[in-house]
Structure formats: structure tokens, C-alpha cells
Amino acid sequence: MATCPAYPTSPPRPHWWQRAWVRYGALSTLLAISGLVILALVREQTGTQGFLVGLGLAVLPVPLLIAAFRWLDRVDPGPWRNLLFCFAWGACAAALIAIVANSFATRWIATATADPVGADTLGATVIAPVVEESAKAAAVLLVFLFRRRDFTGIVDGVVVAGVTATGFAFTENILYLGTAFGTDQLTGDRGIASVTAATFFVRVVLSPFAHPLFTVLTGIGFGIAALSAGRHRLRRALLPVAGLLLAMGVHALWNGSAAFGEFGFFAVYAAFMVPSFGLLTWLVIWTRQRELGTVRAELPAYVAAGWLAPAEPYALGSMRARRIARRYGRRHAGREGSRAVARYEVYATSVAFLRQRGRRGRAGADFTVRERHLLDALWHLRDVARPALEYAARATAPPAPVPRPVPPWAYPYGGAAGAYGPAPAPAPPGPYGSPAPHPPYAPYAPYAPCASYAPYAPPDPNRP
């Protein structure tokens with residue numbers, strides 16, 4: 001007996017919490033309420049004048065730190081909305097959690113032990129690192145879970161964590177600098193000898209990277225977890241936890257440096273903080289160079305398929321060539337031309353990273369849809385971006401080696417066909433058998449795509 005096929009039904013409607021506007025609204029409300037509460041708490045502790053002075057001094061390192069993290073993310077820049085969320089979370093939500101939890105824990109310890117000095121020391125070296133790093137790590141976790149496409153490696157983890165910590169340090173600096181200014185108002189200190197100047201030197205000039213350095217360790221853990229294959233679930237769970245624990249340990253060492261004596265702070269700063277900062281900076285820059293290498297290695301497959309011009313993988317794999325291409329686009333097509341070239345660079349880099357994840361089995365089920373979407377975006381921008389990238393490739397190409405003239409005395413028979421006839425044939429091997437000359441190396445063959453990830457053929461521009 002024949003049966004009729006099932007009547008097609010419409011896809012189920014998402015739950016109200018799964019709607020984007022509901023999530024954005026709830027998150028924005030949470031951050032706004034946290035910002036108002038933290039503003040009131042800081043103003044209550046510092047006073048209006050102290051708050052304004054602390055705000056003016058604390059904002060100075062913020063643009064420099066944001067620009068530094070944005071520079072690290074220039075190869076495959078993430079959306080600004082992620083960075084705005086991270087900064088707001090660090091400055092509002094994480095700072096509020098830290099102030100409330102640290103104050104409650106310190107008072108409870110002081111009441112239980114009847115030792116206020118010991119409670120303050122324990123709160124600074126044990127309680128504060130655990131609470132603050134956990135609160136900042138929550139932002140990294142949220143981006144990792146809900147913005148997974150924008151969180152693909154170590155550089156993304158470093159940028160997300162660093163911007164979150166920058167926001168947290170901004171609010172904390174307002175509190176410390178405002179409190180120091182209030183102390184100076186009571187004691188009458190002014191100038192370099194004031195508490196405000198000393199606090200500004202230590203927190204803003206000497207160690208503006210302290211909080212970003214701690215939280216970046218957590219971000220590296222999440223970044224390595226993002227690079228791990230889906231089957232390594234235990235590794236993906238343990239790496240962020242290990243990064244968080246390391247961040248807590250380094251933070252505790254930094255806060256406890258005052259207990260090491262009169263010069264304990266400077267000893268920890270010189271022996272640990274500066275080398276750690278240099279090592280992490282090298283790691284991030286090295287990772288960025290590897291990303292550029294990925295672009296140069298993966299894009300030739302799309303050149304063979306006709307999506308890209310032959311010079312584009314080289315230009316897109318060089319930050320200097322990218323910068324020259326954007327300038328070329330701005331010079332010939334105005335600001336819109338520069339933006340078009342910049343978008344083309346971002347789309348091509350995303351295609352390269354997506355292809356690498358596909359070869360490693362980490363692209364996901366929507367690989368084909370995402371690849372086609374990116375390739376279509378590239379195709380629509382090609383008229384503006386291709387001339388700019390080809391110009392940049394020519395401008396940054398290494399110069400061809402110039403052959404040196406060979407003097408006549410170098411040829412014993414007067415050259416290849418000199419006065420004494422052609423040069424003789426090479427001598428046969430000696431009695432012990434001299435090794436034969438090594439054959440020339442074959443030219444490098446670009447990556448050949450596998451059948452399951454072969455790029456689409458681009459549309460024919462001559463077809464109507």
C-alpha cells in the first residue's frame with residue numbers, strides 16, 4: 001500500500017532566549033547596571049574630585065594598550081563588537097565582582113582571625129588573584145562559546161583576554177589613583193613626592209601591562225584549545241583551566257612581591273615580569289608570522305581554481321604589502337577603495353584559515369556554505385582589490401639577482417668558446433669515485449586540495 005510522503009513542516013521556532021535581540025538586550029542591561037553600580041562605588045570611595053582625577057590619569061594607557069592588541073590582530077582582525085564587549089565586561093562586570101567579593105572575603109577573614117593586617121595580606125595574595133582572574137576569564141569564556149567563528153587561535157585568545165584586562169585595569173586605576181589623590185588632599189603633599197605621583201608611576205608608567213599579562217595566560221589556554229581537534233575533548237577542557245591557574249599564580253606572585261622586603265617589588269618586576277612580558281610578546285609575534293605563512297600556503301589552491309590572481313597569495317601573506325595595497329586603493333578610489341581592499345584582505349585571510357581547519361578536520365559541517373560565502377564576497381570586490389594587490393606584490397617583491405661579470409682569466413680555455421676552442425668536458429671520477437653532482441631541486445609545488453575541499457570554480461565574467 002502506497003503512503004503519501006510526510007507533509008513538510010516549517011522549522012521549529014527558536015526559544016525566546018535563543019533570539020539574538022534578547023541576548024544582546026540582556027547582556028547590555030547587565031553591563032549597564034554593573035557600570036552604574038561600579039561608578040557609584042568608586043565615587044563613594046574616592047570622592048567626586050578624586051574620581052575625576054583618577055579617571056583622567058587612568059585613561060592615558062588605554063588607547064596605547066588597545067592599539068597594541070589591535071596591531072597583533074591585524075592578520076585576521078576580529079569584529080569591534082567583541083572588543084567593545086570585552087572592555088566593558090572588564091571595566092564594569094569584572095571590576096564589580098572583584099570589589100564586592102574581595103571586600104566581603106577580607107572582612108570575613110579579619111572577623112574570623114581578629115587580625116586585620118593578616119587579612120589584608122591574605123586577601124591581596126590569595127583572594128584577589130582568584131576572584132579577579134576568574135571574573136576576567138568569564139569574558140574570554142563567553143567569546144569562546146558564543147563567538148566561536150571569531151576565536152580561532154592563540155592570537156584571538158591573547159587579544160580578547162588582553163582587552164578584557166585593559167578594561168579591568170582602567171577601573172582599578174581610577175580607584176587607586178582617586179584614593180591616592182584623596183590622601184594627598186589630607187596630608188597636603190604635592191608634586192613628585194605625592195602619593196598620587198608614586199601611584200601613577202607604578203601603575204601607569206612602570207606596569208600598565210600587568211593585568212593584561214596575567215589574563216593573557218588564560219587567553220593562550222583558550223587559544224590552544226581552539227586549535228585542538230574536536231576529538232581531544234579532555235585537552236580542550238584542561239588547557240583553559242591550566243591557563244587560568246597559571247594566571248592566578250603569576251597574579252599572586254605580583255601582589256605578594258611587597259612581602260619580599262623593601263625591594264621585593266622591583267626584584268619581582270625585573271626578574272620575572274619583564275622577561276615574561278618579553279617572552280609572551282615574542283610568542284604572539286611568532287604566532288602572527290605563522291598565520292601569515294598559513295595565508296601564503298593555503299591560497300594557491302584558489303589561484304589554481306581561478307578565484308585569485310597569481311600574485312595575491314604573496315601580497316596577502318605580507319603585512320607591508322597589505323598596507324601598500326590599502327594605500328593604492330585609497331589613492332585611486334578614495335576612502336571606499338581603501339575599505340574595499342581591507343575587506344578583501346580580511347575575507348581572503350578567513351578563507352585561508354577556514355581551508356586549513358578543513359584539512360585538519362576542524363571546519364565543521366557548514367564548511368561549504370562559509371567557503372562559498374567568503375569566495376563570493378571576494379569575487380564582488382575583485383575589481384578594486386586585485387590591481388591594488390598586484391601593485392603591492394610588485395612593490396614588495398625581492399629584487400632579481402644581478403649576475404656578476406666573470407673575468408676572462410677565470411676560463412682556462414678562453415671562455416665557453418674562446419680563443420682555444422670550447423671548454424673541455426668535466427674530468428671523469430677519480431679512483432675513489434667522486435660523488436656525482438646533486439641534481440637541482442624541483443620547484444615548490446603548492447598545496448593540492450583534496451577532493452572533498454576542492455574550491456568552487458569562479459563564475460564566468462563574460463556570461464550574462
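## Nonpolar cores

In this predicted model, the largest nonpolar core takes in 59 residues, and the members touching the most others are Phe151, Val158, Trp254 and Met273. Val158 is a handy place to start looking around. Setting aside neighbours within four places in sequence, Val158 is in contact with Phe69, Leu72, Val216, Gly219, Ile220 and Val284.

There's also a second, separate core, this one made of 34 residues. Among its members are Trp307, Ile324, Ala363 and Ala388.

## How α12 and α13 pack

Now for a pair of helices. The axes of α12 and α13 sit 7 Å apart, and the two helices pack at an angle of about 135°. That value makes α12 oblique to α13, since only angles over 145 degrees would count as roughly antiparallel. As for handedness, α12 and α13 make a left-handed crossing.

## Salt bridges between helices

The structure has 9 salt bridges, and a few of them are worth a closer look. Take Glu298 and Arg355: they form a salt bridge in which the closest N and O atoms are 4.0 Å apart. This pair links distant parts of the chain, with Glu298 in helix α9 (residues 264-298), Arg355 in helix α12 (residues 319-359), and the two positions 57 residues apart. Are these two partners buried or exposed? Both Glu298 and Arg355 turn out to be buried.

Glu312 and Arg386 also pair up, with their side chains meeting in a salt bridge at 3.3 Å, N to O. Glu312 belongs to helix α11 (residues 312-316) and Arg386 to helix α13 (residues 367-396), so this bridge ties together parts that are 74 residues apart in sequence. Glu312 has a relative accessible area of 0% and is therefore buried, as the cut-off for that label is under 20%.

## A bridge inside α12, and a network

Not every bridge spans two helices: Glu336 and Arg339 are both in α12. Their side chains meet in a salt bridge at 3.5 Å, N to O. Because the two residues are 3 apart in helix α12, about one helical turn separates Glu336 from Arg339. What is the relative accessible area of Arg339? It comes to 43%, so Arg339 is partly exposed.

Elsewhere, salt bridges with shared partners join Glu298, Arg355 and Arg359 into one network. That brings us back to the Glu298 and Arg355 pair, which connects α9 with α12.

Methods: Residues are numbered from 1 along each chain as its sequence is written. This is a predicted model: local features need pLDDT of at least 70, side-chain atom pairs count only at pLDDT 80 or more; totals for chains, interfaces and linings use all residues. Side-chain values use heavy atoms; hydrogens and water are left out. Helices (H or I, at least four residues) and strands (E, at least two) are DSSP runs, numbered from the N terminus. Buried means under 20% relative accessible area, exposed over 50%, partly exposed in between (1.4 Å probe, protein chains only). A nonpolar core is a set of buried Ala, Val, Leu, Ile, Met, Phe, Trp, Tyr and Cys residues joined through side-chain atoms within 4.5 Å. Contact means heavy atoms within 4.5 Å. Axes are lines fitted to C-alpha atoms, for helices over the stretch in contact, and angles run from 0 to 180 degrees between N-to-C directions. Angles under 35 degrees count as roughly parallel, over 145 as roughly antiparallel, 65 to 115 as roughly perpendicular and the rest as oblique. A crossing is left-handed if the near helix is turned anticlockwise from the far one by less than a right angle, and right-handed if clockwise.
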